[in-house]
Amino acid sequence: MQSKALATPHSLNKSVGNGVRQDSICELESRARALELTGPQWEELASKVLAYAWAHVSTVRDQPAYNAKPGNGINLLSSPIAEHGISIDDALDLLHDNVDTVSLNPGSPRFLGYIPAGGLVHSAFGDFLAAIANRYAGIFFGSPGAVRMENLLVRWMAEVAGFPANSGGFLSAGGSTANLSAIVTAREACHVLADDATKVVVYVTEHTHHCVDKGLRIAGLGHCRQHRIAVDDRARMCPENLDTRIRKDREAGLRPWLLVASAGTTNTGTVDPLRSLNEVARAHNLWYHIDGAYGAFFALCPEGEAVLDGMGLADSLVLDPHKTLFLPYGTGALLVRDRELMARAHGGMGAYMLDMETDPTEPSPAYLSPELTKHFRGLRMWLPLKLLGLAPFRAALSEKIHLARYFHSQIQQIRGFEVGPTPDLSIVTYRYVPSHGDADAFNRRMVKELQRDGRVFITSTRVGGRTVLRMAVGCFRTHREDIDLALNLLEDKARRLENK
Ligand SMILES: *Cc1c(COP(=O)(O)O)cnc(C)c1O
C-alpha cells in the first residue's frame, strides 16, 4: 500500500506520489512541449518544405534519371541523431545532397528501368493529411471513415479486376507482402501443413517474380516443390504443359496445390493465358493466384483489358498501386475471392480489443491482413483518384502501351537492333547485335554507358539464356519525347561502342 501524498498545486517541490515532484513534471512539460509546433514554426516549416518539394517537382523533367554521385550519400552519417535538433534548412540540405540527388530517380520521365511508377504528387498530400490527423485505419471502431475509405478502394479494385463485390482485400505495403499474404491464405484454405511441405507442388514459370519464392519460405514452405512450367515462344505459361505436369505429379503421389500466373511478368511484361490457366486450375482443384503487381491496373484501359481477359476468375490477385496506378512507393493490394478464407488466415484478437463495435459490411483491415496498427494508406490512393477522376489514369495507361508499341516498331528500324515479341503491355525486350564480339557483353556495356550519361535509365535482363535490354514504360510523366530521346541515345551509344 502506498501512502497518500498531500500535494497542492502550490507546493511545487512537494511529492505528488511515487516520489514524483510537482516541479519536475513542470520542468519536463516545458521541454516536451517542443514536440508541438507553434503557429510561426508551422509557417516556417510548411513554407520551406513546400518550397523544397516544388523545386523538386518543377524540375524533375530536367533532372538526370540516374545520378552516379561519389559518396552515395555518405555525408548523412556525419550528422548523427543527437540530443539537439538542427534547422529545417540544414535538414533539407542533407536530404537534397545525400538522398534526393543520388542514384535512381524514379520520378524522372526517362526512368525506363525495372518497373517505373513516378509518384503522383496528389498522393503526397494525401499522406500528409493522413499523418496529420493520424486516424486509426486498422479497425472499423477506431475510424469507421478510414476503414470505409480503404474498403471502398478494395471494392473499386475488385470491380476493375472483375472480382465479385464481396471479395476480401486490403492495401499492403507493396506487391511482395501482398503475394506473401496470398500464399498464407492459400496455405490455410487448402490445409497445407508444414509436414506436407515435401509433397505439395507450386506451379510457376521461369519468369515468376522471386517474391513468390521468398513468400513460400517466409510462410514455412521453403521446402515445397516449385515446378517451372515450360513457356511458349512469347514467354507465356503453356496450359497444356501445366495440365500434363499436374497429372504426372498426381500419379507420382505429390499434392498439386497452388498455381501462380503472372498478369505481366516483371522481366518481359508478358501476360500468361489467364482464362485457359483458370480452366486447368479448376479441373485439378488448385488454388489459382495471379500476380498482377505490374500489370493488373492496365485493366483500366481497353488495350490492357483485352490482354488481361480472365483475370477476374482467380482465387487471389495482387495489384500494386505504387506501380501502374503511379502512386509513390508503399502501396500494394491483395484481393481474395472468398473473404472468409482471408480472415481465417489473418484474423486475430487481443483481450484488450474487446470493447469494439464491428460492422459486417465493413470488415476491418486488421482481421484480413498481417498489420494491426497501420499506415492509413487509403488516403494517398483515394485523394488522387477523387481529385483527378479515372479518365486521366485510363489515358495514361493506354499511352504507356502505345509508347511501348511505338518503341518496339522504331528500335527495329535502327540497324543492328533486334526485338522480342510485340509487347503485351508496356515492357519491350530488345538487344543490339554487334558486327563482331560478344553480344551479351556489348549490351551490358551499353547499359553502363547509358547510366554514366544519366539522361535515360535503362536496365537489362536475361531471356532464354541471353542478355537483353528492357524498355519499361510506366512513369506517368513519360511521353513521346522521352521515348524519342531514348531511341536517339541507344543508337548513338551503339555506334560509339561499335567504333571503339
Ligand atoms: C514489383 C513486382 C512484385 C513485387 O512487388 P513490390 O511492390 O516490389 O514488393 C511482384 N510481382 C511482380 C510481377 C512485380 O512486378
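An N or O atom in the side chain of Asp320 sits 2.7 Å from an oxygen atom of the ligand. This is a predicted model. The briefing covers the ligand's surroundings, then a four-stranded sheet and the helix lying across three of its strands.

**Ligand contacts**
- Lys323 has a side-chain N or O atom 2.8 Å from an oxygen atom of the ligand.
- Thr266 places a polar side-chain atom 2.8 Å from a ligand oxygen atom.
- On its own, the ligand has 380 Å² of accessible area, and the protein covers 86% of it.

**The shell around the ligand**
- Helix 6 (175-189) and helix 11 (321-324) are the elements that give two or more residues to this shell.
- Helix 6 supplies the largest share, three residues.
- There are 14 residues around the ligand, and Ser176, Asp291, Asp320, His322 and Lys323 come nearest.
- By type, the shell holds eight polar, three nonpolar and three charged residues.

**The sheet**
- Four strands form an open sheet in the order 10-11-13-12, with antiparallel pairing.
- Strand 10 (417-419) and strand 12 (459-463) each have a single partner strand, so one side of each lacks a neighbour in the sheet.
- On average, neighbouring strands here are turned by 45° against each other, direction ignored.
- Three bridges join strand 10 and strand 11 (residues 427-432) in the antiparallel sense.
- Val419 has Tyr430 of strand 11 as its bridge partner.

**The helix across the sheet**
- Helix 15 (residues 391-411) lies across strand 10, strand 11 and strand 13 (466-472).
- Helix 15 runs at about 15° to strand 11.

Definitions and conventions: Residues numbered from 1 in each chain as written. Predicted model: local features only at pLDDT ≥ 70, side-chain atom pairs only at ≥ 80, totals over all residues. Heavy atoms only, no water. Pairing = 2+ DSSP bridges. Axes fitted to C-alpha atoms, helices over the stretch in contact; angles between N-to-C directions. Contact = heavy atoms within 4.5 Å. Near = heavy atom within 4 Å. Polar contact = N/O pair within 3.5 Å; in protein donor to acceptor, adjacent residues only side chain to side chain. Areas by Shrake-Rupley, 256 points an atom, 1.4 Å probe, with all protein chains shown as cover. Nonpolar A, V, L, I, M, F, W, Y, C, P; charged D, E, K, R; others polar.
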